Amino acid sequence: MLDKVFDQAPPVPVSRTISYRDYPAATQRDRLASLLAHRVLEAERRGIRYELELPGRTVAPQKSQREICLTALALW
């Protein structure tokens, strides 16, 4: 008798935090906003649930999250 063994895909993370804290404190604000915007767009493209953390504000997963996050970054 032969047994079939199937590889399982790694579990998809339920939520991922995109935070300004992931970068050195000396990073200029414009550069930091650009890096965070890139990560937001990449998460959207991949269909990954995420939340954006900025000083004094967190944008949790919700409808129109991409637009809300990009607006928050532009106004930051």
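## Strands β1 and β2

Strands β1 and β2 run parallel and are joined by four bridges. Strands are DSSP E runs of at least two residues, helices are H or I runs of at least four, and both are numbered from the N terminus. Two strands count as paired if DSSP finds at least two bridges between them. Thr17 has its bridge partner in β2, and that partner is Glu51.

This is a predicted model, in which local features need pLDDT of at least 70 and side-chain atom pairs count only at pLDDT 80 or more, while totals for chains, interfaces and linings use all residues. Residues are numbered from 1 along each chain as its sequence is written, and side-chain values use heavy atoms, with hydrogens and water left out.

## The whole sheet

The strands form an open sheet of three, in the order β1-β2-β3, with mixed pairing. The edge strands are β1 (16-19) and β3 (57-59), each paired on one side only. Neighbouring strands are turned by 20° against each other on average, direction ignored. Axes here are lines fitted to C-alpha atoms, for helices over the stretch in contact, and angles run from 0 to 180 degrees between N-to-C directions.

β2 and β3 run antiparallel, with three bridges between them. One residue to look for is Glu53, whose bridge partner in β3 is Thr58. β2 is mostly covered, with four of its five residues buried. Buried means under 20% relative accessible area, exposed means over 50%, and partly exposed lies in between (1.4 Å probe, protein chains only).

## Overall layout

The protein has two helices and three strands. Along the sequence they follow the pattern β-α-β-β-α. Of its 76 residues, 24% count as buried. The accessible surface comes to about 6100 Å², and 53% of this belongs to carbon and sulfur atoms. These areas come from the Shrake-Rupley method with a 1.4 Å probe; for residues, only the protein chains shown count as cover.

Contact means heavy atoms within 4.5 Å. Among contacts between residues at least 6 apart in sequence, 41% join residues at least 24 apart.

## The nonpolar core

A nonpolar core is a set of buried Ala, Val, Leu, Ile, Met, Phe, Trp, Tyr and Cys residues joined through side-chain atoms within 4.5 Å. The largest one holds 13 residues, of which Ile18, Leu36 and Leu52 touch the most other members. α1 (29-46), β2 (50-54) and α2 (65-75) each supply at least two residues of this core. α1 gives the most, with five.

What does Ile18 contact, leaving aside its neighbours within four places in sequence? Its contacts are Leu36, Arg39, Val40, Ala43, Tyr50, Glu51, Leu52 and Glu53.

## Helix α1

On the sheet, α1 packs against β1 and β2, touching both. Its direction makes about 160° with that of β1.

Two residues of this helix are worth a look. Ala37 lies in α1 and is buried, with a relative accessible area of 18%. It touches Leu70 and Leu73, not counting residues up to four places away in sequence. Ala37 and Arg66 are 29 residues apart in sequence, but their C-alpha atoms are 9.2 Å apart in space. Arg39 is also found in α1. At 18% relative accessibility, Arg39 counts as buried. Leaving aside neighbours within four places in sequence, Arg39 is in contact with Arg16, Thr17, Ile18, Ser19, Asp22 and Tyr23.

## Helix α2

α2 packs on the sheet too, touching β2 and β3. Its direction makes about 15° with that of β2.

Which residues of α2 are buried? They are Gln65, Cys69, Ala72 and Leu73. Seen down the axis of α2, these buried residues fall within an arc of 100°, so they line one face of the helix. The arc is that of the directions from the helix axis to the C-beta atoms. An α-helix has 3.6 residues a turn, so residues three or four places apart point the same way. The cover over the buried residues of α2 includes α1, β2 and β3. The face turned away from the buried side carries the exposed residues Ala74 and Leu75.

Glu67 is found in α2 as well. At 41% relative accessibility, Glu67 counts as partly exposed. Glu67 and Leu41 are 26 residues apart along the chain, and their C-alpha atoms are separated by 10.0 Å.
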